[in-house]
Amino acid sequence: MQQTSHLRRFVIVGHNATTAGTFSLNDLAGATGRLDVLLRCVNSALFTSHGIRQDTEVRLLLLGQPNAPKTITLKGREIKHLNPDERSTAALLKEALNKPIFGNSVGAGPGISVSRAIFKDILADAAKDSKLIALKEDGTDIRAAGLAPPLTFFLSDNRDFSDDELQALKDAGATFISLGPKSLLASHCVVIAHNEIDRTQIL
Ligand SMILES: C[S@@+](CC[C@H](N)C(=O)[O-])C[C@H]1O[C@@H](n2cnc3c(N)ncnc32)[C@H](O)[C@@H]1O
């Protein structure tokens with residue numbers, strides 16, 4: 001593992017999130033399997049007030065209908081045309097979902113790619129270059145954990161992780177971390193996790 005990396009990666013599991021680019025940009029919380037939750041996570045992960053977090057990567061695991069699972073990856077260092085509103089981010093994801101996937105991964109514009117990676121693939125990839133952190137309400141308090149990048153945070157969407165996902169995280173050696181006493185929206189967790197790491201780093 002490369003210990004000098006500043007990498008912060010956020011993996012969000014969209015248990016019902018659509019795997020097709022046919023949805024309407026006018027109904028992002030409706031027929032998309034709550035893609036809106038993931039769109040807010042992208043915003044929280046990549047934006048600061050006046051810029052993009054260069055060392056941050058987001059991976060959205062989409063497990064909904066009508067196709068086999070897909071993973072969309074967005075890299076802060078490379079991404080272009082990303083704006084803070086959900087609708088324009090949704091348009092970028094729609095384009096990615098309309099790309100035929102040949103081989104491991106297909107580019108879908110600067111800093112965006114789409115693949116057939118599933119949970120265990122994402123875990124295995126992340127373990128190569130970062131410490132694995134499962135964000136969970138009943139985990140160890142983040143302020144007692146002494147975390148430093150490179151880190152990959154795993155979050156669930158508007159639901160809990162499934163039993164299989166929890167087992168895979170445990171098997172991969174993930175550390176279970178809590179951000180505080182209340183169960184929060186996934187996108188808010190991303191901001192808090194960033195902020196906790198920001199406070200420990202000299203930027
Ligand atoms: C909206 S919550 C999950 C749903 C919620 N447990 C429920 O069904 O009532 C979304 C995700 O954010 C993360 N999360 C929420 N609150 C958290 C906390 N206090 N500490 C760490 N992670 C948290 C977890 O990954 C959780 O699965």
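These questions and answers concern a predicted model.

Student: How many aromatic pairs does a search of the whole structure find?
Tutor: The search covers the whole structure. One pair is F10 with F153. Another is F119 with F154. The count is two.

Student: Is the pair of F10 and F153 stacked or edge-to-face?
Tutor: The ring centres of F10 and F153 are 5.0 Å apart, with 15° between the planes. Planes under 30 degrees apart count as stacked. The pair is therefore stacked.

Student: How many residues apart are F10 and F153?
Tutor: F10 belongs to strand β1 (residues 8-14). F153 belongs to strand β7 (residues 151-156). The pair links distant parts of the chain, and both residues are buried. The separation is 143 residues.

Student: Which parts does the pair of F119 and F154 tie together?
Tutor: The two rings lie 5.8 Å centre to centre with 70° between the planes, an edge-to-face pair. F119 lies in helix α3 (residues 119-129) and F154 in strand β7, so the pair joins parts 35 residues apart in sequence. Those parts are helix α3 and strand β7.

Student: Why does F119 count as buried?
Tutor: Buried means under 20% relative accessible area. F119 falls under that cut-off because its relative accessibility is 10%.

Student: Which residue has its charged end over the ring of F23?
Tutor: The charged end sits 5.0 Å from the centre of the F23 ring. The residue is K94.

Student: Which residue has a side-chain N or O atom 2.5 Å from a nitrogen atom of the ligand?
Tutor: Of the 19 residues around the ligand, L135, D157, D160, K182 and L184 come nearest. L135 uses a backbone N or O atom, 2.7 Å from a ligand oxygen. The side-chain contact to a ligand nitrogen comes from D160.

Student: What share of the ligand's accessible area does the protein cover?
Tutor: On its own, the ligand has 570 Å² of accessible area. The protein covers 82%.

Student: Which residues of strand β5 point the other way from I112 and V114?
Tutor: In a regular strand, side chains alternate between the two faces of the sheet. Strand β5 (residues 112-115) has I112 and V114 pointing one way, and all four named residues are buried. Those pointing the other way are S113 and S115.

Student: Which residue in β5 is the bridge partner of V106?
Tutor: Strand β4 (residues 105-107) pairs with β5 in the antiparallel sense over three bridges. In their hairpin, G109 takes a positive phi near 105°. The partner of V106 is V114.

Notes
Residues are numbered from 1 along each chain as its sequence is written. This is a predicted model: local features need pLDDT of at least 70, side-chain atom pairs count only at pLDDT 80 or more; totals for chains, interfaces and linings use all residues. Side-chain values use heavy atoms; hydrogens and water are left out. Rings of Phe, Tyr and Trp (its six-membered ring) pair if their centres lie within 6.5 Å; planes under 30 degrees apart count as stacked, over 60 as edge-to-face and the rest as tilted. Helices (H or I, at least four residues) and strands (E, at least two) are DSSP runs, numbered from the N terminus. Buried means under 20% relative accessible area, exposed over 50%, partly exposed in between (1.4 Å probe, protein chains only). A charge sits over a ring if NZ of Lys or CZ of Arg is within 6 Å of the ring centre and within 35 degrees of the ring normal. A residue is near a molecule or strand if one of its heavy atoms lies within 4 Å of it. A polar contact is a pair of N or O atoms within 3.5 Å; within protein, one must be able to donate a hydrogen and the other to accept it, and residues adjacent in sequence count only if both atoms are side-chain atoms. Accessible areas come from the Shrake-Rupley method with a 1.4 Å probe; for residues, only the protein chains shown count as cover. Two strands pair if DSSP finds at least two bridges between them.
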